[in-house]
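Here is a short briefing to read alongside the structure. Keep the viewer open and follow the topics in turn.

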Amino acid sequence: VYACTGENKCGGIGDRINSMVLVLYLAMCSGRVLIINSPYPSPLQNFLEPNLIHWDAALPNTIEGDELKLPTLDIMDIRNNELLVDESTIGYVLGRCNGMPARHTLRSVFANQCMSDYFGKQREEEFPYPVAIPQEKLLRWSFYSLFKFSDAVLSRAEEVKKSAGVPSGELYTAIHLRTGDRSMGIDNMVGMRGPRNQYRRRDQTRHGKCYQKMKKAHPETKVGYVASDANEAKQLLNDFDKSILYSNEIEIFHIDEGMRGDDLATVDNDLSYIGSLDGWSELVILADSKCIIMSWSMLSFVAHYLGGQNRCSAFVEDCAELDLSIPHEYAYEAGKNPFELIA
């Protein structure tokens, strides 16, 4: 069971998608069904609907009719680095599955003995990949097996693009500029600096320079759309290049932190829904773009993969050195720079 109920931090949209996909494969390799219980801060079913896998079933009761209590498996605990699963236990509850202090990527899951055993039992032929299924395929396949965007999210994405001035049917470059948690008033780790927190204006203008380089390499993309956690950053890029568009109608809202610290009984459900809806709609806008420029963010990473293979893309830190006329693929790993250029 993947659970995000507000009791513990689950991360933003990208963290949650990565975690739910990871839990799917843990369920597969341990011979269990997957149930997703994610009501915080607004029920996940408002934004993502079951596609090929019905993950929205209710948790079964015990024979006596009581609520089934499952143990928690914290795979972010360094003691659980091997993702060991006890077959005698009926099931587990998992929350956030990536981030500090320890991280697990989809690649690490497929390198685990549990998955090797699973493929050995399910297939007559050998595991078709030498180490792991390529990450760019794995996350995309998994997401669209689990989910489809709700009509509300798809409609809102079109409204946002229209309000920004992106012409209907126009190819565009998406820019994700994550300035850092400070922009939304979220406490961050002391001394946390670098590409993850691009709060300084000179760091933000690199996205504009990368956009102009991308536009030169792909002249069919005549406009850009910037998604950011700071309105000032959006305006800065628009001032830098007037073809970089943005919407003033977006509610900047971190789905894990927007209501953090509030009594769950007093949470503003309307704000939770609207803020979450805008977050999911911007993921659609990022994923649907012809080209994408990424920040150090799981949202960037997920949008890059959901957008499909062989698209023009660049992690902003790499942009100056890359030939943007050819497609690039990235893998996401833990470390000072989690984006690994693989193609």
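In this predicted model, strand E5 (residues 172-177) pairs with strand E8 (residues 291-294) in the parallel sense, over three bridges. Ile-175 of E5 is a handy place to start, since a bridge sets this residue opposite Ile-293 in E8. From there you can step across to further strands on either side of the pairing, then turn to the helices.

**Strand pairing around E5 and E8**

- E5 also pairs with strand E6 (residues 223-228), again in the parallel sense, and this pairing runs over six bridges.
- Within the E5 and E6 pairing, Ile-175 has Val-226 of E6 as its bridge partner.
- E8 in turn pairs with strand E9 (residues 312-315), where four bridges link the two strands in the parallel sense.
- Ile-293 of E8 finds its bridge partner in E9 at Ala-314.
- Taken residue by residue, Val-226 is partnered with Ile-175, Ile-175 stands opposite Ile-293, and Ile-293 is partnered with Ala-314.

**Burial of the strands**

- How many of the six residues of E5 are buried? Six of the six are, so the strand is largely enclosed by the rest of the structure.
- Tyr-172, Ala-174 and His-176 point one way from E5, while Thr-173, Ile-175 and Leu-177 point the other way, and all of them are buried.
- E8 has buried residues on both sides too: Cys-291 and Ile-293 point one way, and Ile-292 and Met-294 point the other way.

**Helices H6 and H7**

- The axes of helix H6 (residues 201-217) and helix H7 (residues 231-240) come within 10 Å of each other and cross at roughly 50 degrees.
- That angle makes H6 oblique to H7, and the crossing is right-handed.
- On the H6 side, the contact is made by Arg-201, Gln-204, Thr-205, His-207, Gly-208, Lys-209 and Gln-212.
- On the H7 side, the contributors are Ala-233, Leu-236, Leu-237 and Phe-240.
- By class, the residues of this contact comprise four nonpolar, five polar and two charged.

**Leu-26 in helix H1**

- Leu-26 sits in helix H1 (residues 13-29).
- Is Leu-26 buried or exposed? Its relative accessibility is 6%, so Leu-26 counts as buried, the cut-off being under 20%.
- Leu-26 and Cys-114 are 88 residues apart along the chain, yet their C-alpha atoms are separated by 8.0 Å.

**A cis peptide bond**

- Which form does the peptide bond from Tyr-40 to Pro-41 take? This bond is cis, and its omega is near -5 degrees.
- Pro-41 belongs to the loop between strand E2 (36-37) and strand E3 (48-50).

**The chain as a whole**

- The protein chain contains nine helices and 11 strands.
- Of its 343 residues, 53% are buried.
- Among contacts in the protein chain with a separation of 6 or more, 66% come from residues 24 or more positions apart.

Technical notes:
Residues are numbered from 1 along each chain as its sequence is written. This is a predicted model: local features need pLDDT of at least 70, side-chain atom pairs count only at pLDDT 80 or more; totals for chains, interfaces and linings use all residues. Side-chain values use heavy atoms; hydrogens and water are left out. Axes are lines fitted to C-alpha atoms, for helices over the stretch in contact, and angles run from 0 to 180 degrees between N-to-C directions. Angles under 35 degrees count as roughly parallel, over 145 as roughly antiparallel, 65 to 115 as roughly perpendicular and the rest as oblique. A crossing is left-handed if the near helix is turned anticlockwise from the far one by less than a right angle, and right-handed if clockwise. Contact means heavy atoms within 4.5 Å. Ala, Val, Leu, Ile, Met, Phe, Trp, Tyr, Cys and Pro count as nonpolar, Asp, Glu, Lys and Arg as charged, and the others, Gly among them, as polar. Buried means under 20% relative accessible area, exposed over 50%, partly exposed in between (1.4 Å probe, protein chains only). Two strands pair if DSSP finds at least two bridges between them.
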